[in-house]
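The following exercises practise the reading of a protein structure. Each task is followed by a solution in steps.

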Amino acid sequence: MKMESLARRKPFFTPLLFRKIHKWVGLILGLQFVLWTISGAVMALLDMEKVGGHAAAPSAASSSAWPATLAPPPLPGPVDGLLLRRVVNRPVYEVTDRSGVRLLDAQTGQQVTVDRTLAEQVARSAYHVSAPLKQVTRLEKANLEARDHAGPMWRLDFADADNSSSYVSAVTARPLVTRSDTWRTWDFVWMLHNMDYVNRKSFNHPLIIFVAFGTLWLSLTGFYLLFKSFRRREFRWVLGPWRPEAR
């Protein structure tokens with residue numbers, strides 16, 4: 001009796017259960033396909049000139065000559081790098097050594113502190129911003145908007161039509177990047193598109209790989225269920241009537 005009851009027990013993974021799994025997986029992945037379509041359309045429709053800000057802005061060109069009174073940089077020890085450049089028409093030495101990077105005034109030799117005033121001058125010069133300044137914030141590490149850059153930086157928010165924000169390094173006084181509401185819209189739909197909800201920058205992460213394999217499984221099982229749904233009589237007009245072999 002016990003063996004008969006086991007024989008009569010239905011298998012757990014029945015064709016009906018298989019179809020239900022396929023249906024729900026298709027629904028979940030279908031929602032993601034909708035998000036891919038919408039986000040891709042939004043990114044295509046946005047004005048890329050207004051999005052901008054993907055790379056560091058070039059330093060503003062200056063036509064003035066270098067001062068004739070440049071002083072040699074005071075270097076107490078060995079350095080890894082020494083660069084003479086301008087910071088808003090001010091000649092400075094950018095010194096790199098074991099302790100990090102610092103700026104020295106090329107005329108006095110004094111260390112240059114990148115304060116909020118200097119950061120505003122750099123931002124206005126590099127990005128040609130004329131709007132009033134709303135807020136200045138010092139960040140010890142990059143936020144999502146400036147995620148491609150490292151180190152402490154200044155964020156300067158301007159009261160223009162697109163609510164632009166400029167980022168300036170608090171160490172080197174270099175302009176890093178500028179962002180706007182148009183870019184923020186693009187960045188949000190980009191997050192939905194690549195499914196990187198943490199860093200918003202990578203297509204190579206476990207979630208999207210899992211979805212890719214789920215899509216492959218859905219395709220293969222969809223073909224299987226498609227052919228299982230047909231009956232031979234539906235192809236009678238091609239295969240002809242079925243004649244069982246004589247025994």
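A residue is called buried when its relative accessible area is under 20%, exposed when over 50%, and partly exposed in between. The model shown is predicted.

**Exercise 1. Overall architecture**

Determine how many helices and strands the protein has, and in which pattern they follow each other.

Solution.
Step 1. The protein contains seven helices and seven strands.
Step 2. Along the sequence, these elements follow the pattern α-α-α-β-β-β-α-β-β-β-β-α-α-α.
Step 3. Of the 247 residues in the protein, 32% are buried.

**Exercise 2. Salt bridges of Arg85 and Arg102**

Classify Arg85 as buried or exposed, and name its partner in a salt bridge. Treat Arg102 likewise.

Solution.
Step 1. The relative accessibility of Arg85 is 10%, so Arg85 counts as buried.
Step 2. Its side chain forms a salt bridge with that of Glu94, with an N to O distance of 2.7 Å.
Step 3. Glu94 has a relative accessible area of 12% and is therefore buried.
Step 4. Arg102 forms a salt bridge with Asp97, at 2.5 Å from N to O.
Step 5. Arg102 is buried at 15% relative accessibility, and Asp97 is buried at 14%.
Step 6. These bridges belong to a set of 13 salt bridges found in the whole structure.

**Exercise 3. The surroundings of Asp157**

Locate Asp157 and describe the contacts of its side chain.

Solution.
Step 1. Asp157 lies in strand E5, which spans residues 153-158.
Step 2. With a relative accessibility of 9%, Asp157 is classed as buried.
Step 3. The side chain of Asp157 makes a polar contact of 2.5 Å with the side chain of Ser165.
Step 4. Asp157 also meets Arg155 in a salt bridge of 2.8 Å, N to O.
Step 5. Through salt bridges that share partners, Glu145, Arg155, Asp157, Asp181 and Arg184 are joined into one network.

**Exercise 4. Aromatic pairs**

A pair of aromatic rings is described by the distance of the centres and the angle of the planes. State how many aromatic pairs the structure has, and decide how each is arranged.

Solution.
Step 1. The whole structure holds two aromatic pairs.
Step 2. In the pair of Phe33 and Trp36, the ring centres are 5.1 Å apart and the planes stand at 80 degrees; planes over 60 degrees apart count as edge-to-face, so this pair is edge-to-face.
Step 3. Phe33 and Trp36 both belong to helix H2 (residues 15-45), where they are three residues apart, about one turn of the helix.
Step 4. Phe33 is partly exposed, at 39% relative accessibility.
Step 5. For Trp186 and Trp190, the centres are 5.5 Å apart and the planes at 5 degrees; planes under 30 degrees apart count as stacked, so this pair is stacked.
Step 6. Trp186 and Trp190 are four residues apart, about one turn, in helix H5 (residues 181-194).
Step 7. Trp186 is buried at 12% relative accessibility, and Trp190 is buried with a relative accessible area of 18%.

**Exercise 5. A surface patch and a distant pair**

Which residues make the nonpolar surface patch, and what distance separates the C-alpha atoms of Val25 and Thr215?

Solution.
Step 1. Ile209, Phe213, Leu216 and Leu220 make a nonpolar surface patch of about 420 Å².
Step 2. Ile209 is in helix H6 (residues 206-228) and is partly exposed at 37%.
Step 3. Val25 is in helix H2 and is partly exposed at 25% relative accessibility.
Step 4. Val25 and Thr215 are 190 residues apart along the chain, and their C-alpha atoms are separated by 8.8 Å.

Conventions
Residues are numbered from 1 along each chain as its sequence is written. This is a predicted model: local features need pLDDT of at least 70, side-chain atom pairs count only at pLDDT 80 or more; totals for chains, interfaces and linings use all residues. Side-chain values use heavy atoms; hydrogens and water are left out. Rings of Phe, Tyr and Trp (its six-membered ring) pair if their centres lie within 6.5 Å; planes under 30 degrees apart count as stacked, over 60 as edge-to-face and the rest as tilted. Helices (H or I, at least four residues) and strands (E, at least two) are DSSP runs, numbered from the N terminus. Buried means under 20% relative accessible area, exposed over 50%, partly exposed in between (1.4 Å probe, protein chains only). Patches are made of residues with over 30% relative accessible area and no salt bridge: like charges are joined within 9 Å, nonpolar side chains (Val, Leu, Ile, Met, Phe, Trp, Tyr) within 5 Å. Accessible areas come from the Shrake-Rupley method with a 1.4 Å probe; for residues, only the protein chains shown count as cover. A salt bridge is a side-chain nitrogen of Lys or Arg within 4 Å of a carboxyl oxygen of Asp or Glu. A polar contact is a pair of N or O atoms within 3.5 Å; within protein, one must be able to donate a hydrogen and the other to accept it, and residues adjacent in sequence count only if both atoms are side-chain atoms.
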